[in-house]
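Thanks for coming. Please have the sequence and the structure open while I talk, and stop me if you lose the place.

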Amino acid sequence: MNNLSEDELNLLKSCVVEMKAILSTGLSQGVDAVNFKTQLGFSYENEGDLKKDYRALKALLRKFEPIKIHIAWGSSKSADDIKEYTFASEEEYLAFLKGVDESNGWMDYDTIGKDHQCNWPSIEMWKRQFCPKEKSND
């Protein structure tokens, strides 16, 4: 950021504000900007460009969300042994999983979360497999 001129920095700040407005109202504000200008004077040549930018920003925002997984510890497969873990970065998450993998062999575990490296996508699916008699609260 230190290499940006004050004008460039102000433009960047206004872009963030404008895109936040578009994201908070869904595409409605942005669709209006296809033929007109938005609050801060931005416009799009067509709706396809807007949707492309919108998808890119949504993907970028997801990168700033904490990574959350659950681990079902132990080989007894009890829902009481499911613990939640949250990580601020992918590096933290992967380091934690490496530690969990290193501990495997001493006891069993399953990872539960939306990440492609998890064993199960949801606690509900895990419970259906291993706790068919327990009622779920999810």
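His-70 is buried, because its relative accessible area is 18% and the cut-off for buried is under 20%. Keep in mind that this is a predicted model. His-70 belongs to strand β1. What stands opposite His-70 in β2? That is Glu-84. The side chains of His-70 and Glu-84 are also joined, by a polar contact of 3.1 Å. If we set aside the neighbours within four places in sequence, the residues in contact with His-70 are Ile-82, Lys-83, Glu-84, Asp-110, Thr-111, Ile-112 and Ile-123.

Now the sheet around that residue. Strands in a sheet pair through backbone hydrogen bonds, and the pairing can be parallel or antiparallel. Here there are three strands in an open sheet, ordered β2-β1-β3, with antiparallel pairing. The edges are β2, residues 82–87, and β3, residues 109–112, and each of these pairs on one side only. From one strand to the next, the twist averages 25°.

How many bridges join β1 to β2? There are six, and the two strands run antiparallel. On the other side, β1, which covers residues 67–73, pairs with β3 over four bridges, again in the antiparallel sense. Two positions help you find that pairing by eye. Ile-71 is opposite Thr-111 in β3, and Trp-73 is opposite Tyr-109 in β3.

Next, the helices. Helix α4, residues 90–103, lies across β1, β2 and β3, and runs at about 10° to β1. Helix α5, residues 123–130, packs on the sheet as well and touches β1, β2 and β3; the direction of α5 makes about 145° with that of β3.

One residue to look at in helix α5 is Lys-127. Is Lys-127 buried or exposed? Lys-127 has a relative accessible area of 13%, and the limit for buried is under 20%, so Lys-127 counts as buried. Lys-127 is also a case where sequence and space tell you separate things. Lys-127 and Ala-79 are 48 residues apart in sequence, with their C-alpha atoms 6.9 Å apart in space.

Last topic, the aromatic rings. A search through the whole structure turns up seven aromatic pairs. In one of them, Phe-87 and Tyr-93, the ring centres are 5.7 Å apart and the planes meet at 55°, so this pair is tilted. Both Phe-87 and Tyr-93 are buried. In the pair of Trp-120 and Phe-130, the centres are 5.8 Å apart and the planes are at 80°, which means the pair is edge-to-face. Trp-120 sits in the loop between β3 and α5, while Phe-130 is in helix α5, so this pair ties together parts that are 10 residues apart in sequence.

Phe-130 is partly exposed, with a relative accessible area of 30%. Which residue lies over the face of Phe-130? Lys-77 does, at 4.6 Å from the ring centre.

Ring pairs also build a cluster, and its members are Trp-73, Tyr-85, Phe-87, Tyr-93, Phe-96 and Tyr-109. You have already met Trp-73 and Tyr-109, the two that stand opposite each other across β1 and β3.

To find your way back, start again at His-70 in strand β1, go across to Glu-84 in β2, and then look at helix α4, lying across β1, β2 and β3. That is the end of my part.

How values were computed
Residues numbered from 1 in each chain as written. Predicted model: local features only at pLDDT ≥ 70, side-chain atom pairs only at ≥ 80, totals over all residues. Heavy atoms only, no water. Pairing = 2+ DSSP bridges. Axes fitted to C-alpha atoms, helices over the stretch in contact; angles between N-to-C directions. Contact = heavy atoms within 4.5 Å. Buried < 20%, exposed > 50% of the residue type's maximum accessible area, 1.4 Å probe, protein only. Polar contact = N/O pair within 3.5 Å; in protein donor to acceptor, adjacent residues only side chain to side chain. Phe/Tyr/Trp six-rings, centres within 6.5 Å; stacked < 30°, edge-to-face > 60°. Lys NZ or Arg CZ within 6 Å of the ring centre and 35° of its normal.
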